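Biologist: I am new to this structure. Please pick one kind of side-chain link, follow it closely, and show me what surrounds it.

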Amino acid sequence: MKKWLLILALCGILFAEEGVKQVVFDLKTGDIGTFEKKVLQGIAYHKGHYEGKLEKLDVAVVIHGDAYKFFVKDLKNSPFKGDQKLAAAHDQLEKRIATMANTYEVEFLMCEATMKTLKIDQSNVYDFVKLTPNSTIGLIDKQNEHFAYIPIH
């Protein structure tokens, strides 16, 4: 009897995962246009596509390179304080990124190693952003969880 219950439980787990897609975006770009198109608009589009097929899309974004600037709360206390284009878009970007995290359940992972190099304090990063020791570890972990890899450089 216990064997059958175990088999049924395992089958339930396998079937529960059916219809779930997973993708990790390797976000390295600091270009606002690319960020908006590939992350803010792109993820919403891809989520809608799979939901329309009654499938789920789990999304993770590993942040490194020039992309740190999109996830800093206070630009004045960051290495990006002189970026006028970013400053003009900052409030809107903050709202849209928070929507990605909260509404679309996007997991944001930031490379902690370069945060230290750039002197970005964790308290100046959005609360929904999780830290990973470095971008390579974050990407390896997600790919070992069977996430498809998509670069945004």
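**Salt bridges and their surroundings**

Modeller: Start with glutamate 55, which counts as buried at 17% relative accessibility. Buried means under 20% relative accessible area; exposed means over 50%, and partly exposed lies in between (1.4 Å probe, protein chains only). This is a predicted model, where local features need pLDDT of at least 70, side-chain atom pairs count only at pLDDT 80 or more, and totals for chains, interfaces and linings use all residues. Residues are numbered from 1 along each chain as its sequence is written, and side-chain values use heavy atoms, with hydrogens and water left out.

Glutamate 55 has a partner. Its side chain meets that of lysine 21 in a salt bridge (3.6 Å, N to O). Lysine 21 sits in strand β1 and glutamate 55 in the loop between α2 (32–52) and β2, so the pair ties together parts 34 residues apart in sequence. Lysine 21 is partly exposed, at 34% relative accessible area. By salt bridge I mean a side-chain nitrogen of Lys or Arg within 4 Å of a carboxyl oxygen of Asp or Glu. Helices (H or I, at least four residues) and strands (E, at least two) are DSSP runs, numbered from the N terminus.

The structure holds 9 salt bridges. Another joins the side chains of glutamate 36 and arginine 96 (3.3 Å, N to O). Glutamate 36 belongs to helix α2 and arginine 96 to helix α3 (residues 84–102), so this pair ties parts 60 residues apart in sequence. Glutamate 36 is partly exposed at 23% relative accessible area. Arginine 96 is partly exposed too, at 29%.

Now move to lysine 130. It forms a salt bridge with glutamate 107, with the closest N and O atoms 3.2 Å apart. Lysine 130 is in strand β4 and glutamate 107 in strand β3, distant parts of the chain 23 residues apart. At 45% relative accessibility, lysine 130 is partly exposed. Shared partners join Glu107, Lys130, Lys142 and Glu145 into one salt-bridge network.

Lys142 leads to helix α5 (residues 135–144), whose buried residues are Ser135, Gly138, Leu139 and Lys142. Seen down the axis of α5, these fall within an arc of 95°, so they line one face of the helix. The arc is that of the directions from the helix axis to the C-beta atoms. Their cover includes β1 (20–27), β2 (56–63), β3 (107–111), β4 (129–132) and β5 (148–152). Just after α5, histidine 146 takes a positive phi of about 75°.

What lies inside? The largest nonpolar core has 35 residues, and Phe71 and Phe108 touch the most other members. A nonpolar core is a set of buried Ala, Val, Leu, Ile, Met, Phe, Trp, Tyr and Cys residues joined through side-chain atoms within 4.5 Å. β1, α2, β2, α3 and β3 each give two or more residues to this core. The largest share, 6 residues, comes from α3. Phenylalanine 71 touches residues including Leu27, Phe35, Ile97 and Phe108, leaving aside those up to four places away in sequence. Apart from the largest core lies another, of 6 residues, among them Ala60, Val62, Leu139 and Phe147.

Last, confidence. The protein chain averages a pLDDT of 91, and 88% of the residues score at least 70. Over residues 4–16 the pLDDT is below 50, and this stretch has 0 contacts in the model beyond near neighbours in sequence. pLDDT is the predictor's confidence in each residue, from 0 to 100; contact means heavy atoms within 4.5 Å.
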